[in-house]
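Hello,

Here is the model I promised to pass on. Please have a look at it first, and then read my notes underneath.

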Amino acid sequence: QVQPVESGGGSVQSGGSLRLSCTASGATERKYCLGWVRQFAPDKEREGVAAVDADGTTSYEDVAKGRFTISRENAKDTLTLQMDNLNSGDTAMYYCVAGDISGPWCHPSRRFADFPDWGQGTQVTVSS
């Protein structure tokens, strides 16, 4: 089991940038897929954002394409999400997630059950 731990959230004005980080000890050894999922409010839906396979292959949902960049450093079991040109619609709790999936199945559109390991989340707030 991988226990992700996020950091790096905060508040920023529209058009600004934030960088989220996650430590997921054991993810590299297990060749887990790592990703980011966001939730707009506790009672609202969750949404996959981006994912990266153990070999570095990345994938994005449309909301993230062109603005967000996901990357991982296997030597340190770390995951990052660089978010640029943020807008108020990006305000959410962001979760680092991990799962034993790979190849085309390592994608943010996968069902959340495929990512059984979740961090506690880090809040991102974008003001207009």
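A word on charges to begin with: Lys and Arg count as positive and Asp and Glu as negative, while His and the chain ends are not counted. The place of a charge is taken as NZ of Lys, CZ of Arg, CG of Asp or CD of Glu. On that basis the chain carries 12 positive and 16 negative side chains, and the centres of the two sets are 0 Å apart.

Now the ground rules. This is a predicted model, in which local features need pLDDT of at least 70 and side-chain atom pairs count only at pLDDT 80 or more, whereas totals for chains, interfaces and linings use all residues. Residues are numbered from 1 along each chain as its sequence is written, and side-chain values use heavy atoms, with hydrogens and water left out.

**Overall picture**

You will find eleven strands and zero helices in the chain. Both kinds of element are DSSP runs numbered from the N terminus (helices: H or I, at least four residues; strands: E, at least two). The C-alpha atoms fill a box of roughly 40 × 30 × 25 Å along the principal axes. The radius of gyration is 13 Å, which agrees with the value near 14 Å for a compact globule of 128 residues. That radius is taken over C-alpha atoms, and the globule rule is 2.2 Å times the number of residues to the power 0.38.

Of the 128 residues, 45% count as buried. Here buried means under 20% relative accessible area, exposed means over 50%, and partly exposed is in between (1.4 Å probe, protein chains only). The chain exposes about 6400 Å², and carbon and sulfur atoms supply 45% of that area. The areas come from the Shrake-Rupley method with a 1.4 Å probe, and for residues only the protein chains shown count as cover.

How much of the contact set comes from residues 24 or more positions apart? Such residues account for 62% of the contacts with a separation of 6 or more, a contact being heavy atoms within 4.5 Å.

**Aromatic rings**

The whole structure holds two aromatic pairs. In one of them, Phe 112 and Trp 118 meet edge-to-face, at 6.0 Å centre to centre with 75 degrees between the planes. For the criteria: rings of Phe, Tyr and Trp (its six-membered ring) pair if their centres lie within 6.5 Å, and planes under 30 degrees apart count as stacked, over 60 as edge-to-face and the rest as tilted. Ring pairs link Tyr 95, Phe 112 and Trp 118 into a cluster. Phe 112 is partly exposed at 22% relative accessible area, and Trp 118 is also partly exposed, at 24%.

**The loop between S9 and S10**

This loop lies between strand S9 (92–99) and strand S10 (117–118), and Phe 115 is found in it. Is Phe 115 buried or exposed? With a relative accessibility of 2%, Phe 115 counts as buried. Setting aside residues up to four places away in sequence, Phe 115 touches Cys 33, Val 97, Ala 98, Gly 99, Ile 101, His 107 and Arg 110. Asp 114 sits in the loop between S9 and S10 too, and counts as buried at 11%. Beyond its neighbours within four places in sequence, Asp 114 is in contact with Gly 99, Asp 100 and Ile 101.

**Other loops**

Two residues other than glycine have a positive phi that you may want to look at: Asp 77, near 55 degrees, and Asn 85, near 50 degrees. Asp 77 lies in the loop between strand S7 (68–73) and strand S8 (78–83), and counts as buried at 17% relative accessibility. Asn 85 has its place in the loop between S8 and S9.

The loop between strand S4 (33–39) and strand S5 (46–52) holds Pro 42, which counts as exposed at 82% relative accessibility. Pro 42 and Met 93 are 51 residues apart in sequence, yet 8.7 Å apart in space, C-alpha to C-alpha. Glu 45 lies in the loop between S4 and S5 as well, and counts as exposed at 57%. Its contacts, leaving aside neighbours within four places in sequence, are Arg 38, Gln 39 and Phe 40.

Finally, Gly 66 lies in the loop between strand S6 (58–60) and S7, and counts as exposed at 86% relative accessibility.

Best wishes
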